[in-house]
Amino acid sequence: MKHYAKMIRWTILGMAFSGTLAMLAAGRSAANNLFPLSSVPPENEFDLYKHPKIDSSLCRLIHIFRTQGYAAMKQMADQLQIGFSGDLLRLTVVSEEAGVITTTNASASGLTPRIVSMGGKVETSYRNDIQALLPVDAIIHLATEAHVRRIRLPLKPRTCAIVSEGVYKTGADSWQNLAPFHNSQAVKVAILDLGFTDYERLLGTELPSSVTARSFRSDRRMDTNVHGTACAEIVHDMAPNAELYLVNFNTDTEQHQAVDWIISQGVNIISYSIGWANAGDGKGTGPITRDVERAAQAGITWCSAAGNDARVHWEGTFADPNSNQFHNFPDNDEFLEITLPPQQELWVSMNWDDWGAWNGINYSGSANDYDLLFYVKSGGSWSYLFSSDNAQNGAGSWPTEENGIYNDSATTRTIGLRILKYNAIRNCKMEIFAWGVSGPIEYNVPEGSLTIPADSPYGIALGASDVTSDAYHNYSSRGPTHDGRIKPDFAAPSGTSGWTYGSHGFYGTSSSTPHMAGAFALLKGKTPFSLSQVLDIITTRALDLGDPGQDNKFGKGRLKLK
């Protein structure tokens, strides 16, 4: 039996380098840090963080807290951007039994007073999920409650920027001076993002004179990231008369609530330059893509960034020709090497095609158990570091592994990843994303590198094309989706200028997405047409680039309005 855990997105836990690479799991001798290349780490390595309800990321925090103290635990949490408020850890408590959909907020259950009695605080809740602050040493006690199904770190998103002339490149300027034709209604656009630092300074210049701003973060701060401000600039450049709603969040639970509110405000278009991994099956289902579907059912057009991860993505079917339980990459290599520069974080997410059925709130789960092992190369040989070894045993357990590492040294390190087939009845199709490095990673497979929710059939996904040359940007994530659909739907300019990122400083599908959202707002405001009719106009006028016809880089073509 192994621990039941899911380490999701970039709020992930791992090891830190300190001059030389240091193991943070206390109690292991130096002799135990090295393993033969063909060996599986000792069984007690898998047992160390085993728990049927608590994610291994949290178990690792608890272990460091108990063996090395609060300061060591907090230092690692800060390096890997794991959320604390004071001395309390932010986490998500999933209530009730697997497969049971709670229609009312989970905080109405008896878990809230129990969390408070342990010195914690409930910040917010959505259906089965309670986002709470809790002392680290209380987590194990909370897991004994009958109504607790799982305790995990909150899902965390990442922006799709690499850090406007797009108005002229797309031809939006030819529409802007036209008088509205049989249309007097204002168009509402929500920029749903992680933060809007300095947006107040731009009111009346780079942004409209007034906007509606709403934070769904637990601390209600808007000034947490400039990324949303840059996206809002582009929407306003494209559609100067649109009403803007600046809405930010920081976790999956907060996003669900933000989407509920956006729907209630009668918003027409959402610009979403955010991507997730390990948050769905890549076939258009899962809790994040469900938000896109709910918005579409309310008549909202949702524009999503495809992602910037084509160079840091690998996928392939598990292969073990020498029958030692480890996957073989090309040339029978069991290691996928990643170069990690000094003072840099690396996040690795792995999933495979065994999610089970989606019931609208959760998957039925995986019974094929794979693990992700981390190594560092030293003197030409590999030293084992740690594993992400969650339990996949059905009952809603997701086919995901994720962990992170921080290079605190002045030396570039070589990290090795191995895939272990721990207990599986079939060779699944595996997928890996490695964030924090520019790539390309070893054995890079750009195809299928879409982030979630760009896989949603209810949204419009945007790839990145150069604002000057129309060239495809090779980091731009591409399809197909895991069920074979062509994505992205369109490409739009990247490498544009603005107040936030400066001259030609806004690169990535994060830049492309608000161009498309702004185009929808512009045409919707100037014509009597519905948003679906506007989509037809945009599709008809798109500039076909790359392979003739629709393809997995440019979609139906680059945004072109004239």
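Tyr 458 lies in the loop between β22 (429-435) and β23 (460-466); strands (E, at least two residues) and helices (H or I, at least four) are DSSP runs, numbered from the N terminus. This is a predicted model, in which local features need pLDDT of at least 70, side-chain atom pairs count only at pLDDT 80 or more, and totals for chains, interfaces and linings use all residues. Residues are numbered from 1 along each chain as its sequence is written, and side-chain values use heavy atoms, with hydrogens and water left out.

**Tyr 458 and the second largest pocket**

- Tyr 458 counts as partly exposed, because its relative accessibility is 40%. The classes are buried under 20% relative accessible area, exposed over 50% and partly exposed in between (1.4 Å probe, protein chains only).
- The C-alpha atoms of Tyr 458 and Arg 290 are 9.3 Å apart, though 168 residues separate the two along the chain.
- Tyr 458 is also one of the residues nearest the centre of the second largest pocket, with Pro 457, Gly 459, Ile 460 and Leu 535. The lining of this pocket has 19 residues.
- Pockets and cavities are found on a 1 Å grid over the protein atoms alone. A pocket is an open set of points with protein on both sides within 12 Å along at least five of seven lines, a cavity is a set where a 1.4 Å probe fits but cannot get out, and lining residues have an atom within 4 Å of a point.
- The space in the second largest pocket is about 280 Å³. A volume is the space filled by probe spheres set on the points, and points are joined across faces, edges and corners.
- Two elements give two or more residues to the lining of this pocket: β14 and α12 (531-541). The largest share, three residues, comes from α12.
- By class, the lining of the second largest pocket splits into 11 nonpolar, four polar and four charged residues. Ala, Val, Leu, Ile, Met, Phe, Trp, Tyr, Cys and Pro count as nonpolar, Asp, Glu, Lys and Arg as charged, and the others, Gly among them, as polar.

**The second largest cavity**

- The second largest cavity holds about 130 Å³ of space.
- Its lining has 17 residues, and Gly 282, Glu 431, Leu 450, Ile 452 and His 482 lie nearest the centre.
- The lining of the second largest cavity has six nonpolar, eight polar and three charged residues.

**Aromatic pairs**

- The structure has 19 aromatic pairs. Rings of Phe, Tyr and Trp (its six-membered ring) pair if their centres lie within 6.5 Å; planes under 30 degrees apart count as stacked, over 60 as edge-to-face and the rest as tilted.
- Tyr 272 and Trp 302 form a tilted pair, 5.0 Å centre to centre with 55° between the planes. Tyr 272 is in strand β12 (residues 269-272) and Trp 302 in strand β14 (residues 301-305), so the pair links distant parts of the chain, 30 residues apart. Tyr 272 is buried at 0% relative accessibility, and Trp 302 is buried at 1%.
- Tyr 363 and Trp 398 form an edge-to-face pair, because their planes stand at 80°, with ring centres 5.8 Å apart. Tyr 363 lies in the loop between β17 (344-352) and β18 (369-378), and Trp 398 in the loop between β19 (381-388) and β20 (400-407), so the pair ties together parts 35 residues apart in sequence.
- Tyr 363 is buried, with a relative accessible area of 3%. Trp 398 is buried too, at 5%.
- One aromatic cluster is formed by Phe 335, Tyr 375, Trp 382 and Tyr 384.**Charges over rings**

- The charged end of Arg 150 sits over the ring of Trp 398, 5.9 Å from its centre. The test is NZ of Lys or CZ of Arg within 6 Å of the ring centre and within 35 degrees of the ring normal.
- Lys 556 has its charged end over the ring of Phe 490, 5.3 Å from the ring centre.

**Arg 294**

- Arg 294 is in helix α10 (residues 287-297). Arg 294 is buried, with a relative accessible area of 13%.
- The side chain of Arg 294 makes a polar contact of 2.7 Å with the side chain of Asp 291. Such a contact is a pair of N or O atoms within 3.5 Å; within protein, one must be able to donate a hydrogen and the other to accept it, and residues adjacent in sequence count only if both atoms are side-chain atoms.
- The Arg 294 side chain also reaches the backbone oxygen of His 256, at 3.4 Å.

**Ser 271 and helix α3**

- Ser 271 lies in strand β12 and is buried at 1% relative accessibility.
- The C-alpha atoms of Ser 271 and Thr 513 are separated by 6.4 Å, with the two positions 242 residues apart along the chain.
- In helix α3 (residues 70-79), the buried residues include Met 73, Lys 74, Met 76, Ala 77 and Gln 79.
- Gln 81, just after α3, takes a positive phi of about 55°.
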